[in-house]
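I opened the notebook for a new structure today and went through it one topic at a time. Here is what I looked up, in the order I looked.

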Amino acid sequence: VPFYWADACRRKVQARRADFESADCARAVACQFRALMEWLEIAGLQTDDRQFSAYEAPVRALMGDAYAKAYAQAVLLWQEARYSEHEMTQDARARMQALLDQTAKTVWARAKRRQRFHIRYVHHLDVPEANNCEGCT
């Protein structure tokens, strides 16, 4: 991968990470949910022009029952972040981040080499392996 392409990808990942750490928890939760949906699409979720809550059954088939329950809670958090006027809490942000991390690790572990390339250099998603590698600087 040419340096300028890898550097551009790194910058996009950093910008997305900055959105996740935004002082505005509602913005952070909404951005995290968008990334969560990208990971699920990479895993094979077929999305179209439906409400996010309508994907609970396909998510259950793709990721399992326990994950589908967590996904349903994430949809509620996203709806609260997008459509509610009151402040979101750090706890809501942490719950969404935990589900996003779990999703990323699961999808990354299932991904083949070509799909991992796309995750990293086409979708510009934060790769779990890169965050937790031993001896990285």
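**Overall shape**

I began with the chain as a whole, keeping in mind that this is a predicted model. For 137 residues, a compact globule would have a radius of gyration near 14 Å, and I read 15 Å for this chain, so the value agrees with a compact globule. Along the principal axes, the C-alpha atoms fill a box of roughly 45 × 35 × 30 Å.

Next I asked how many helices and strands the chain has. The count came back as seven helices and zero strands, and reading along the sequence I noted the pattern α-α-α-α-α-α-α.

I also looked at burial and contacts. Of the 137 residues, 35% count as buried. Taking contacts between residues at least 6 apart in sequence, I found that 59% join residues at least 24 apart.

**Helix H1**

I turned to H1, which covers residues 3-20. Its 18 residues, at 1.5 Å a residue, should span 26 Å; the end C-alpha atoms are 26 Å apart, so the expected span and the model agree.

Which residues of H1 are buried? My list reads Asp-7, Cys-9, Val-13 and Phe-20. I then looked down the axis of H1: the buried residues fall within an arc of 160°, and therefore they line one face of the helix. On the face turned away from that buried side I found the exposed residues Tyr-4 and Arg-11.

What do the buried residues of H1 pack against? The partners are three helices: H2 (25-43), H5 (90-110) and H6 (113-121).

**Asp-7, a charged residue on the buried list**

Asp-7 caught my eye, so I gave it an entry of its own. This residue sits in helix H1. I checked its burial: the relative accessibility is 15%, and a residue under 20% counts as buried, so Asp-7 belongs on that list. Its side chain and that of Arg-10 are joined by a polar contact of 2.4 Å.

**Salt bridges**

I searched the whole structure for salt bridges and got nine. I wrote down some of them, with the exposure of each partner.

- Asp-19 pairs with Arg-27, with 2.8 Å between the closest N and O atoms. Asp-19 is partly exposed at 22% relative accessible area, and Arg-27 is also partly exposed, at 41%.
- Arg-60 and Asp-65 meet through their side chains at 3.0 Å, N to O. I noted 33% relative accessibility for Arg-60, which counts as partly exposed, and 48% for Asp-65, again partly exposed.
- Arg-95 pairs with Asp-91, and here the closest N and O atoms are 3.3 Å apart. Both residues lie in helix H5, four residues apart, about one turn of the helix. Arg-95 is partly exposed at 42%, and Asp-91 is partly exposed at 47%.

I then looked for bridges with shared partners. Asp-7, Arg-10 and Arg-11 are joined into one network by such salt bridges. That brought me back to two residues I had already met in H1: Asp-7 from the buried list and Arg-11 from the exposed face.

**Ala-81 in helix H4**

I picked Ala-81 for a look at packing. This residue lies in helix H4, residues 65-83. Is Ala-81 buried or exposed? Its relative accessibility is 10%, so Ala-81 counts as buried.

Which residues does Ala-81 touch, leaving out those up to four places away in sequence? I listed Ala-26, Val-29, Ala-30 and Met-88. For Val-29 I also took the C-alpha separation from Ala-81: 6.5 Å, for two residues 52 apart along the chain.

**His-124 and its backbone**

My last entry is about a backbone angle. His-124 has a positive phi of about 55° although it is not a glycine. Where is His-124 placed? I found it in the loop between H6 and helix H7 (128-131). His-124 has a relative accessible area of 14%, so I entered this loop residue as buried.

Notes. Residues are numbered from 1 along each chain as its sequence is written. This is a predicted model: local features need pLDDT of at least 70, side-chain atom pairs count only at pLDDT 80 or more; totals for chains, interfaces and linings use all residues. Side-chain values use heavy atoms; hydrogens and water are left out. Buried means under 20% relative accessible area, exposed over 50%, partly exposed in between (1.4 Å probe, protein chains only). Contact means heavy atoms within 4.5 Å. The expected span of a helix is 1.5 Å times one less than its number of residues. The arc is that of the directions from the helix axis to the C-beta atoms. A salt bridge is a side-chain nitrogen of Lys or Arg within 4 Å of a carboxyl oxygen of Asp or Glu. A polar contact is a pair of N or O atoms within 3.5 Å; within protein, one must be able to donate a hydrogen and the other to accept it, and residues adjacent in sequence count only if both atoms are side-chain atoms. The radius of gyration is taken over C-alpha atoms; the globule rule is 2.2 Å times the number of residues to the power 0.38.
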